[in-house]
Amino acid sequence: MRSILWYVLAALAEIGGCFAFWSWLRLGKHWAWIIAGLASLAFFAVVLTRVEVEHAGRTYAAYGGIYIATTLLWLWVVEKTRPDRWDLLGVLICLVGAAIILWGPRGN
C-alpha cells in the first residue's frame with residue numbers, strides 16, 4: 001500500500017512540473033514557473049525511487065497506470081473537466097495492468 005502512496009505523490013509531482021512548463025509556454029505565465037517545474041520534476045524522480053519494487057523497469061511500468069489515473073484526477077480537480085466514461089474505462093484497464101505488474105506472482 002505504501003508503494004501506491006509513493007506512486008501518487010510521484011505522479012502529482014510530475015504532473016505539477018509539466019503543468020508549470022505548460023503554464024509558461026502555453027498560458028504566458030512568468031518564466032519563474034520554469035524553476036518551480038524543474039524542482040517538481042526533480043522531486044518526482046527522487047520520490048519514484050522510494051517505491052518498493054526490485055527492478056526499475058517494473059517500477060516505471062506500473063507507475064504508468066497510476067500516472068494515468070492521477071492525470072484524470074488532475075483534469076477533474078485542477079482543470080475543472082470531468083472525465084467521461086471512456087476516460088474511466090481506459091484508466092481502469094491501466095490500473096488492472098499496473099496491479100498485475102506490481103503484485104503478479106513471480107517464478108523467481
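Visitor: In which helix is the place of I100?

Guide: I100 sits in helix α4, which covers residues 85-103. Please keep in mind that the model is a predicted one.

Visitor: Is I100 buried or exposed?

Guide: The general idea is to compare the relative accessibility of a residue with two cut-offs: under 20% is buried and over 50% is exposed. I100 has 54% relative accessibility, so it counts as exposed.

Visitor: Which residues form a nonpolar patch on the surface together with I100?

Guide: The partners of I100 in this nonpolar surface patch are W86, L89, L92, I93 and V96. Together, the residues of the patch, I100 included, have about 630 Å² of accessible area.

Visitor: Why does A98 count as buried?

Guide: The same reading applies, with the cut-off for buried residues at under 20%. A98 has a relative accessibility of 5%, and therefore it counts as buried. A98 also lies in helix α4. Thus helix α4 holds the buried A98 and the exposed I100.

Visitor: Which residues are in contact with A98, leaving aside neighbours within four places in sequence?

Guide: With those neighbours set aside, A98 is in contact with A62 and G65. One may also compare separation in sequence with separation in space. A98 and R58 are 40 residues apart in sequence, while their C-alpha atoms are 9.1 Å apart.

Visitor: Where is T70 found, and is it buried or exposed?

Guide: T70 belongs to helix α3, residues 56-77. Its relative accessibility is 6%, so T70 counts as buried.

Visitor: What does T70 touch, not counting residues up to four places away in sequence?

Guide: On that count, T70 touches V8, A11, L12 and I15. A further pair to locate in the structure is T70 and G16: they are 54 residues apart along the chain, and 11 Å separates their C-alpha atoms.

Visitor: Which helix contains S3, and what does S3 touch?

Guide: S3 is part of helix α1, which runs over residues 2-26. Not counting residues up to four places away in sequence, S3 touches V51 and E52. The relative accessibility of S3 is 13%, and S3 therefore counts as buried.

Visitor: Where does K80 lie, and what is notable about its phi?

Guide: The general idea is that most residues other than glycine have a negative phi. In this model, K80 has a phi near 60°, a positive value in a residue that is not glycine. K80 lies in the loop between α3 and α4. With 67% relative accessibility, K80 counts as exposed.

Visitor: How many helices and strands does the protein have?

Guide: The protein has four helices and zero strands. Read along the sequence, the pattern is α-α-α-α. Along the principal axes, the C-alpha trace spans about 50 × 35 × 20 Å.

Visitor: What share of the residues is buried, and what share of the contacts joins residues 24 or more positions apart?

Guide: Of the 108 residues in the protein, 27% are buried. Among contacts with a separation of 6 or more, 66% are between residues 24 or more positions apart.

Visitor: What share of the accessible surface belongs to carbon and sulfur atoms, and how far apart are the mean positions of the charges?

Guide: Carbon and sulfur atoms account for 69% of an accessible surface of about 7,300 Å². The protein has 9 positive and 6 negative charges, and the mean positions of these two groups are 3 Å apart.

Key. Residues numbered from 1 in each chain as written. Predicted model: local features only at pLDDT ≥ 70, side-chain atom pairs only at ≥ 80, totals over all residues. Heavy atoms only, no water. Helix = DSSP H or I, 4+ residues; strand = E, 2+ residues; numbered from the N terminus. Buried < 20%, exposed > 50% of the residue type's maximum accessible area, 1.4 Å probe, protein only. Contact = heavy atoms within 4.5 Å. Areas by Shrake-Rupley, 256 points an atom, 1.4 Å probe, with all protein chains shown as cover. Lys, Arg positive; Asp, Glu negative; His and termini not counted. Charge placed at Lys NZ, Arg CZ, Asp CG, Glu CD. Patch = residues over 30% accessible without salt bridge, like charges linked within 9 Å, V, L, I, M, F, W, Y side chains within 5 Å. Salt bridge = Lys/Arg side-chain N within 4 Å of Asp/Glu carboxyl O.
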